[in-house]
Amino acid sequence: LAAPSQARYLPTASQWSTACRAVVERIFCAAGADDTSYDGPASRLSATALSKLLDAEMHFSATRCAAALPAAKELYARSLPPQYTREEHNARAAVAEEHLKKSACGAA
């Protein structure tokens with residue numbers, strides 16, 4: 001086994017994403033600029049699609065939040081009277097916020 005000081009370095013997901021973007025820009029954008037006939041698979045992907053593929057952390061977090069938000073809204077609105085006090089609003093908002101924290105917050 002290697003000593004801890006000699007252990008291999010593993011990048012974080014953000015560092016990996018940044019490196020992948022740089023590689024894609026360098027390879028595909030440079031190839032497209034020099035060779036106008038290039039029609040590889042990457043040339044068919046939009047910038048949004050590439051970003052979505054390369055930024056997995058953000059996509060995961062956004063998807064998780066989108067799934068948790070309807071449940072939080074339902075918790076807030078459950079048995080909601082037509083008129084209610086500021087205290088009632090604050091209590092319901094706290095319950096909905098707690099649900100979002102438990103359901104949507106993660107490593108990303």
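In the predicted model, alanine 96 is located in helix H4, which spans residues 86–104. With a relative accessible area of 11%, alanine 96 falls under the 20% limit and is therefore classed as buried. When residues up to four places away in sequence are set aside, alanine 96 is in contact with Ala72 and Tyr76. Alanine 77 lies 19 residues from alanine 96 in sequence, and the C-alpha atoms of these two residues are separated by 9.4 Å.

The structure contains 3 salt bridges. Within helix H4, glutamate 88 and arginine 92 are placed 4 residues apart, about one turn of the helix, and their side chains form a salt bridge with an N to O distance of 2.6 Å. The two partners differ in burial class, because glutamate 88 has a relative accessibility of 29% and is partly exposed, whereas arginine 92, at 12%, is buried.

Lysine 101 and glutamate 97 likewise both belong to helix H4, with a spacing of 4 residues, or about one turn of the helix; the closest N and O atoms of their salt bridge are 3.5 Å apart. Here lysine 101 is partly exposed, with a relative accessible area of 45%, and glutamate 97 is also partly exposed, at 44% relative accessibility.

A further salt bridge links arginine 78 to glutamate 74, the closest N and O atoms lying 2.7 Å from each other. Arginine 78 counts as partly exposed at 46% relative accessibility, and glutamate 74, with a relative accessible area of 40%, is partly exposed as well.

Definitions and conventions
Residues numbered from 1 in each chain as written. Predicted model: local features only at pLDDT ≥ 70, side-chain atom pairs only at ≥ 80, totals over all residues. Heavy atoms only, no water. Helix = DSSP H or I, 4+ residues; strand = E, 2+ residues; numbered from the N terminus. Buried < 20%, exposed > 50% of the residue type's maximum accessible area, 1.4 Å probe, protein only. Contact = heavy atoms within 4.5 Å. Salt bridge = Lys/Arg side-chain N within 4 Å of Asp/Glu carboxyl O.
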